Amino acid sequence: MSPGEISLRTHFAEAFRQIAKRAETPDIHVTFYPFAGLNHTIRIRKQRVYVRISDIMRDAPPSVHRALAFILVAKLYNKRVTAEHQSLYRQYAYHPQVQRATDLARQQRGRKVLTSAIGRTYNLDKLFARLNRRYFNNELPKPVLSWSARRTKRILGHHDYVHETIVISRSLDSSTAPEFLVEFVLYHEMLHMKHRPRTINGRRVYHTAAFRADERRFERYDQAMDELEKMTNRR
Ligand SMILES: [Zn+2]
């Protein structure tokens, strides 16, 4: 999760109210995703809306995020996209800088977004098995585990509820990253499998009190938090 994803959700809620004319806003999950190119997807499943926005759009201005929300929701309901939203989005998408980022993503990512669980230094399958045994009584079903295609520093781990996938940043697949830190990041994502998000006062809460309490059960919790803090300060 990131602040961008939270504000995007507000734009989507607004788009649903206006386009679908629904009294109730559906549950909306928005994530940035490393598509190979400037692609976005939207779908409804069991009253929930799942949106994936190209991570190239992460730093786009709010007006462009809002326009994109209206475009995607219109497509979902086979409604006409207004010229205003279309042009706002196109102006951004055809900007030379964005085009360059899109080309780069195409080259580097190709069609393969997921890489493999076996990294240069760490094997996520092995770490998952160990953590599952130690903290989950071997009860977690095995998700798809993968190192990220890029060495992302801002987001170290991600759990995708829809696809049961855990992606860990390749920046941690290095001997400079201590094993307990990689384990902790993976452990955090595994907790997302155990603790499903809850809606509290109309807000989606991913890190509930129970989640945080479980997180502190990690054997080297304090050390892991120190390491994470060091990494944040280095940026
Ligand atoms: Zn989390």
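**Figure 1. The whole chain, and how much of it is tucked away.** Buried residues make up 28% of the 235 residues in this chain, and keep in mind that what you're looking at is a predicted model. The chain holds 8 helices and 8 strands. Its radius of gyration is 19 Å, close to the 18 Å that the globule rule gives for 235 residues, so the chain is as compact as a globular protein of that length. If you boxed up the C-alpha trace along its principal axes, the box would span about 55 × 40 × 30 Å. Now think about who touches whom: of the contacts with a separation of 6 or more, 50% come from residues 24 or more positions apart.

**Figure 2. Two domains in one chain.** The domain assignment splits the chain into domain 1, residues 3-109, and domain 2, residues 124-234. How far apart do the C-alpha centres of domain 1 and domain 2 lie? The answer is 27 Å.

**Figure 3. The sheet made by strands 1, 3 and 2.** Here 3 strands form an open sheet, and reading across it you meet them in the order 1-3-2, with mixed pairing. Strand 1 (27-33) and strand 2 (40-45) are the edge strands, each pairing on one side only. From one strand to the next, the twist averages 15 degrees. Zoom in on strand 1 and strand 3 (residues 48-54): they pair in the parallel sense, over 7 bridges. Which residue of strand 3 stands opposite Tyr33? That would be Ser54. Helix 2 (residues 62-76) lies across strand 2 and strand 3, and runs at about 50 degrees to strand 2.

**Figure 4. Helix 3 and its two sides.** Pick out His85, Leu88, Tyr89 and Tyr92, the buried residues of helix 3 (residues 83-93). Look down the axis of helix 3 and these buried residues fall within an arc of 90 degrees, so they line one face of the helix. Flip to the other side of helix 3 and you'll find Ala83, Ser87 and Gln91, which are exposed.

**Figure 5. The sheet made by strands 4, 6 and 5.** This open sheet is built from 3 strands in the order 4-6-5, and its pairing is mixed. Why is one side of strand 4 (144-147) and of strand 5 (157-160) left without a neighbour in the sheet? Both stand at the edges with a single partner strand each, so one side of each has no neighbour there. Neighbouring strands in this sheet are turned by 15 degrees against each other on average, direction ignored. Strand 5 and strand 6 (residues 165-168) pair in the antiparallel sense over 4 bridges. One pair to look for is His159 with its bridge partner Ile166 in strand 6. Lying across strand 5 and strand 6 is helix 6 (residues 179-194), which runs at about 20 degrees to strand 5.

**Figure 6. A close look at Met190.** You'll find Met190 in helix 6. Is Met190 buried or exposed? With 24 C-beta neighbours inside 10 Å, Met190 counts as buried, because the cut-off for that label is 20 or more. Setting aside neighbours within four places in sequence, Met190 is in contact with Leu131, Phe136 and Leu140. As for Arg220, 30 residues apart from Met190 along the chain, the C-alpha atoms of the two are separated by 16 Å.

Technical notes
Residues are numbered from 1 along each chain as its sequence is written. This is a predicted model: local features need pLDDT of at least 70, side-chain atom pairs count only at pLDDT 80 or more; totals for chains, interfaces and linings use all residues. Two strands pair if DSSP finds at least two bridges between them. Helices (H or I, at least four residues) and strands (E, at least two) are DSSP runs, numbered from the N terminus. Axes are lines fitted to C-alpha atoms, for helices over the stretch in contact, and angles run from 0 to 180 degrees between N-to-C directions. Two residues are in contact if their C-beta atoms, placed from the backbone, lie within 7 Å. The radius of gyration is taken over C-alpha atoms; the globule rule is 2.2 Å times the number of residues to the power 0.38. A residue is buried if 20 or more other C-beta atoms lie within 10 Å of its own, exposed if 12 or fewer, and partly exposed in between; C-beta atoms are placed from the backbone. Domain bounds come from an automatic or database domain assignment. The arc is that of the directions from the helix axis to the C-beta atoms.
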